[in-house]
Amino acid sequence: MHQLRWHALLQQWVVVTTARQNRPQMPANWCPFDPGSGHVPDHYDVYLYPNDFPAFAPDSDPFNPDPHPALFAETGPRGACDVVLYSPEHTLPPSALSLENWGKVVDLWTERTRQHAANPDIALVAVFENCGEAVGVTMPHPHGQIYAMPFIPPTVQRELAASRQFAESNNGANLFERLFEEEVKAGVRIVAQNSDFVAFVPYAARFPAEIWIFGRRPARTLLEFTEAERKSLAEIISVIRKKYDNLYGFLMPLMMAVKQAPLRQPEAAYRFHVQFLPLQRSPTKLKYLATIETGYGTFLADTAPEQMADNLRRSEPATGPYSGS
Ligand SMILES: [Zn+2]
């Protein structure tokens, strides 16, 4: 079974894909992402690997839901899912990836986004990474993923609705721009910056050591960045990943969401940004998304965002402090 089912209470699609349960157990000491496996080229720097058990697939039924779905509505999960291999080196943590390789990863994200943008089946390109066993990743090989989704996922819909409401009550002002301007002005939560990007702990961070990266120049998707900006993005991601792994002295378990505007809503006010959502709340404690977070959607943070920004600035490579403007 492979279909989207409508969650009538939360008004969102759930991907039901039973084939994933039958994923084969990998032999120990064997990795399909390693050169010589027969599944990837013998030589590569970065590589786009089609997901063997995709949640969204080009040959699935089209996404064609009833505009007012019934209680038990379903539709097809047409889309695409790829794995992005960051390096041929099996045990290299992303924090040790060279700047050059991060640049190639960003270029690959951009190229794949460009391909999906030409496909009318795709509404949004979700670039992301799950990193660490605490996030359920058993394969140490450095990799991320790209989901080409046939609908705008609920979190982005919520951000778009917030953006619309903000514009309506603030003479058309852009919520993303105003938030970014105020974070830069305050300065206290900035963790790192370069000529094109600023990384900061958001005012109302939900996750421990959460960081957002915003571009100084507004852009909706990766497609709008210049070559120089793509290099700057790779550079600041590299700095943040090093800081994370140096914060407690081991690989930080985290989720990285590279968030782009919907491909087919040019009028919607949105701004490209990267969100890092780490799960380690102290050297020995993990943050679990338990009942209050998952059942009620309310997050508890046990470190002040300003203090966490300070800890992250001191983590190597040390940066700041930033006094704001
Ligand atoms: Zn490997």
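Two strands count as paired if DSSP finds at least two bridges between them. On that basis, this predicted model has an open sheet of 3 strands, laid out in the order 2-1-4 with antiparallel pairing. Strand 2 (12–17) and strand 4 (74–75) are its edge strands, and each pairs on one side only. Strand 1 (residues 2–7) runs antiparallel to strand 2, with 6 bridges between the two. One residue pair to look at here is Q3 and its bridge partner in strand 2, V16.

Then there is an open sheet built from 9 strands, again with antiparallel pairing, and its order reads 3-5-7-6-11-12-10-9-8. Its edges are taken by strand 3 (47–50) and strand 8 (190–193); each has a single partner strand, so one side of each is left without a neighbour in the sheet. From one strand to the next, the twist averages 20 degrees. Within the order, strand 6 (residues 124–131) and strand 11 (residues 254–259) run antiparallel and are joined by 5 bridges. F128 finds its bridge partner in strand 11, namely A257. As background, strands of a sheet pair through backbone hydrogen bonds, either parallel or antiparallel.

On the helical side, helix 4 covers residues 227–248, which makes 22 residues. From first C-alpha to last, helix 4 reaches 33 Å, close to the 32 Å expected at 1.5 Å a residue. Plenty of names turn up on its buried list, including L233, A234, I236, I237, V239, I240 and L247. The buried list isn't just nonpolar names, either: S232, S238, R241 and K243 are among its members. Just after helix 4 comes G249, with a positive phi of about 85 degrees.

Helix 4 also matters to the bookkeeping of the largest nonpolar core. That core has 72 residues, and the members that touch the most others are V191, A199, I211, I236 and I240. Helix 4 supplies the largest share of this core, 8 residues. Zooming in on I211, and leaving out residues up to four places away in sequence, its contacts are V191, A199, F200, V201, I240 and F276.

Away from the core, T284 sits in the loop between strand 12 (273–278) and helix 5 (291–294). T284 counts as exposed because just 7 C-beta neighbours fall inside 10 Å, and the cut-off for exposed is 12 or fewer. As for S323, its C-alpha lies 32 Å from that of T284, with the two positions 39 residues apart in sequence numbering.

Key: Residues numbered from 1 in each chain as written. Predicted model: local features only at pLDDT ≥ 70, side-chain atom pairs only at ≥ 80, totals over all residues. Helix = DSSP H or I, 4+ residues; strand = E, 2+ residues; numbered from the N terminus. Buried ≥ 20, exposed ≤ 12 C-beta atoms within 10 Å, placed from the backbone. Expected span 1.5 Å × (residues − 1). Axes fitted to C-alpha atoms, helices over the stretch in contact; angles between N-to-C directions. Core = buried A, V, L, I, M, F, W, Y, C linked by C-beta atoms within 7 Å. Contact = placed C-beta atoms within 7 Å.
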